[in-house]
Amino acid sequence: MTLKPSVASLIQQGHDRLDRGDYAAGLQTFQQAAALEPQNHKVLYGLGLACYRQEKYEESVEFLKQALEVKPNYILALARRGMAYKQLKQTQQAELDFEQAIALTPQDAEDWRGRGIALDDLGRYEDAVASYDKAIEIKPDDKSAWNNRGVALGNLGRYEDAVASCDKAIEIKPDDYIAWNNRGVALGDLGRYEDAVASCDKAIEIKPDDKSAWYNRGVALDELGRYEDAVVSYDKAIEIKPDDDSAWNNRGNALTNLGRYEDAVASYDKAIEIKPDDYSAWNNRGIALGDLGRYEDAVASCDKAIEIKPDDYSAWYNRGVALHDLGRYEEAIASFDEALRLTDYQNLLVWGNKGIALLKSQNYKAAVKCWDDGIKALKPQTPDYEEGCGELHRHKGETLYVYGKEQPNPFPDWFDAKDSYEQALKFLSFEKFPQRHLQVLQELLQVYSTLGDKSTFQRRLEEATQRLEQLLAESETKGNKISLARKFAPFNQMRVDLRLQSNDKEKEIAALELAEQRKNTCLAWLQEHWDYKPPKFAYEDMQRLLNPKTAAIYWHISPNAITTFIIKYNQSPVVLSPQPSKTTKAKTRKRNMFSIPSLFGNSSQQASNFTYLEQVQSFQSWMEKWKQTYQDYCQGDYTSKTKETAPWRQKMKVLLNALYSILEINRVTEHLTDVEQLILIPQRELHLLPLDYLFPRRFNITYLPSFQIGLKLVDMSPVNANWGKGKQFFPSLLSITTNDSPFTAVESIALSALYPNCRELKAPEINQESLITALHKNSGYLHFTGHGDHIPEQPRESFLQLTQTDKLTLGDIFDDKQLDLSDYELICLSACETGITSAESLVDEYVGLVSAFLAKGASYVINSLWTVDERSTALLMIQFYQLLQQGNVPNIALKQAKEWLRQLTYQSLAEWYLNLAGKLNDPLCSEYLKTEALMIQNDRDKMTSSDCIYDHPYYWAGFILTGKPM
């Protein structure tokens, strides 16, 4: 049949419009052509294709039937009708069309392309590529053949070739959004996720309502870890096609990765509502429910996935994880066994978790046997063979090392642990698994240290340090470099330990200098470029902060030891080694029977290693208990009264006394008989604890992040001439109040009355911009009353909460190059808390808001270590500022304010209320305080009681002063 030029033109226009994603216009164009030639098979095909693109599959089938009635051997129409039947889930009809299409002999490029489509849908991808190649040979500019060829190549895993094929389609027709989308899919399969996002963006630019491109964009963003952006992409796909169960499912996965588990479950529920037999959504729902701690529901969800697809090993595995979390270890092991059977015993994660369940339900020997079985079962041809064997050897090493400590003769287990770790290093080579290799090295070094194998420890530590430097050099961004350096900070910490393994004073000083260098490097990362090297800070520089009456206590924590340096004026440092407990002495006597001095040092050295190890373990256990009880306290459903009976509050004194013993503060103070002023320089999680509480009250104590910060503060500004002279003075005060609770208001009004040069910022005028502006304009004191949070793992995100949606972050402070706080003598962060609730242990130096303010020049910062009581905090702060006003130096003013609060009885509190009420200019606040006083005076029991209301350390011990030594 010869086509009329006008119809041919309309057919071309129709296909062009479909390629651009303008389906309605394309359909309309083919309808115009049909009005001219209703029996034209190409026009009818175009109508069928347009309906297919609009997901009107039944109408598509009807038009394609008509095309085939006109031309029975129309291969392209058969293939397309098969695709429409497939979408209608009429599988048998679809396969008949595909088989018929490939049985016919192609006559032209269009036929070869149709044949390729049929072969593709039948899963015969090699043959499909050959058909597309034939179509291209006949018609080199057949962009659809190039595009479809790319899809088939992608299905074969030939992703580079798939991208090249899509590129050719785009070269022929740059506005083919389908080719851009398919290109994005292939790029994602190659792991080129940024390029994949860009390709999907191009498809979306051409066709903004292409739900497939939005979906694939979300998948690539997921792989990049940009989960918030991925959720936005999935939301857009769902907006276009609300019943897209895959988009709801993937959206749930992104929300799970964001820790938004409730929202994730809701998203999975939506996917299941659309497709009740979506086993993947049921399985993923189970994972999110497990993350919520709803383990019973998680098991039920995984059971549903298994009911739909009994051979889904992932559901069996996740069911096992949930059962493990329920403490139903035998059932968990049975679930893991089924998952292993379904994977032909080739899954690393299942072997690993089965071993952990055996560890909990039986003993560590059973777990080790399980991992040995896993190593034997994994086949070299398994894709994850090296990773699997390496991780299982690492599990073995860790378990043998930890549980070996409890055995009368630990050496067989420790030697086996060493061997397992060394095997893990071979499988997890640095070339293929650089970070995992370093993690294994980090753990292995602890074993060498415990065994006293000093030479191997030193050799391996040098190897680890060199490889870490290589990995850092290969990292592309500052953020990645800092993250890696923090993750593997123990290598630096163990270098300090290595210098301390002799009694050489010069090496002890070198160890202290190395520890100080690390502290200042961590601070530099937040305000300088990544590879900035802080100036060398020698022991002589540290001495400049001391005098005959001032000493510094400097703690250093590594995986192997807690070291306490006592630094006094014009003396070599005292390095305090922990004393063995009675239990340790008994264990050491037994261990010495089995020691091998010729290989691993003498028994005295081994005993010292065990003692350090016991102290580290004791502190780690103590810290876990402190964090957990505090987290329970914060999350518990308490009233203000029942909070007093919460375990964290009840156990606080006992816990702090235990910390006193672990850190051996009694031995520290033996070296401080002639000292009055103490500088405490903590490391890592010690920054989160009230260390000054552990020392006798005779000491005047300040904290410092590092010696270098202290010296910088001393050099920047002299001590206020009025402090310590007993003279009243009235510096300007910038007061920030972010809530309107009664005693917050009292605190704010009292400070305004005490300091005539007080400027107040309150909600709603307070925000990040106004606070920064105010900091630039003011000087003297800054008093912030409100909430703050310290995020040790991401220090730059630590913040002061200003409004519900606005905050001032540590990054904001550091990034403002013009912000100079050297005119601020004091910054008081009242009622803030730190990242004490963080579940993760700090492996590197802690950097918080206090360090940021000091780095910008502020002389002193007061902050609280936990969420404190509103009333007692207001009392403490007002008393502190009154003592400052009388000329007391900050550390003494805070110490005296704490003592005053501790000794406060109800009678003295009533008198204090009345005295303060008389000084205030605000009538409402004065009346409020008088009423509070009257309520006490009318209570006979309170007036006759000698009980100190706020003696418990909860009320006062959490406030610490960091800054310039006096």
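# A guided reading of the predicted model

In this protein, 67% of the contacts with a separation of 6 or more are made between residues 24 or more positions apart. The structure under discussion is a predicted model. Its chain comprises 966 residues, of which buried residues make up 56%. The secondary structure amounts to 45 helices and 14 strands. Taken along the principal axes, the box filled by the C-alpha atoms is roughly 110 × 80 × 55 Å.

The account begins with the helices. Helix α7 covers residues 109-121, that is, 13 residues. From the first C-alpha to the last, α7 reaches 19 Å, close to the 18 Å expected at 1.5 Å a residue. Because 11 of its 13 residues are buried, α7 is largely enclosed by the rest of the structure. The buried set includes charged and aromatic side chains as well as small ones: among its members are Glu110, Asp111, Trp112, Arg113, Gly114 and Asp120. Also buried in α7 are Ala109, Gly116, Ile117, Ala118 and Leu119. The partners of these buried residues lie in several helices: they pack against α3 (41-53), α5 (75-87), α6 (91-103), α8 (125-138) and α9 (143-155).

Helix α20, residues 329-342, has 14 residues. Its span from first to last C-alpha is 20 Å, close to the 20 Å expected at 1.5 Å a residue. The buried residues here are Ala332, Ile333, Ser335, Phe336, Glu338, Ala339 and Leu340. Their spacing may be read against a general property of the fold element: an α-helix has 3.6 residues a turn, so residues three or four places apart point the same way. The buried residues of α20 pack against α19 (313-325) and α21 (348-361). After α20 comes Asp344, which has a positive phi, near 55 degrees.

A further helix pair is formed by α26 (residues 454-474) and α28 (residues 490-499). Their axes are 10 Å apart, and the two helices pack at an angle of about 150 degrees. The crossing of α26 and α28 is left-handed. On the α26 side, the contact is made by Phe457, Gln458, Leu461, Ala464, Thr465 and Leu468. On the α28 side, Phe491, Met494, Arg495 and Leu498 take part.

The strands come next. Strands of a sheet pair through backbone hydrogen bonds, either parallel or antiparallel. Both senses of pairing appear in this model, beginning with the parallel pairing of β4 and β5 over 4 bridges. Within this pair, Ile679 stands opposite Thr702 in β5. Strand β5 (residues 700-703) is covered on both faces: Asn700 and Thr702 lie on one side, Ile701 and Tyr703 on the other, and all are buried.

Glu676 offers a view of how the surroundings of these strands are assembled. This residue lies in the loop between α35 (665-669) and β4 (677-681). With a relative accessibility of 42%, Glu676 counts as partly exposed. Leaving aside its neighbours within four places in sequence, Glu676 is in contact with Lys549, Arg698, Phe699 and Asn700. Glu676 and Asn700 are 24 residues apart in sequence, yet their C-alpha atoms are 6.3 Å apart in space.

Parallel pairing also joins β6 to strand β7 (residues 758-762), through 5 bridges. Strand β6 (residues 733-737) is largely enclosed by the rest of the structure, because 5 of its 5 residues are buried. Leu733, Ser735 and Thr737 point one way from β6, whereas Leu734 and Ile736 point the other way. Opposite Leu733, in β7, stands Cys758.

That cysteine leads to the question of covalent cross-links. A disulfide is a covalent bond between the sulfur atoms of two cysteines. With a cut-off of 2.5 Å between the sulfur atoms, the count comes to 0 disulfides. Cys758 is in no disulfide, and the nearest cysteine sulfur, that of Cys828, is 13 Å away. Cys828 is itself buried, with a relative accessible area of 0%.

The antiparallel sense is found in an open sheet of 3 strands, in the order β9-β10-β11. The edge strands, β9 (788-789) and β11 (807-809), each pair on one side only. Strand β10 (residues 799-801) is joined to β11 by 3 bridges and runs antiparallel to it. Within this pairing, Gln801 has Lys807 of β11 as its bridge partner.

Note on methods. Residues numbered from 1 in each chain as written. Predicted model: local features only at pLDDT ≥ 70, side-chain atom pairs only at ≥ 80, totals over all residues. Heavy atoms only, no water. Buried < 20%, exposed > 50% of the residue type's maximum accessible area, 1.4 Å probe, protein only. Expected span 1.5 Å × (residues − 1). Contact = heavy atoms within 4.5 Å. Pairing = 2+ DSSP bridges. Axes fitted to C-alpha atoms, helices over the stretch in contact; angles between N-to-C directions. Left-handed = near helix turned anticlockwise from the far one by under 90°.
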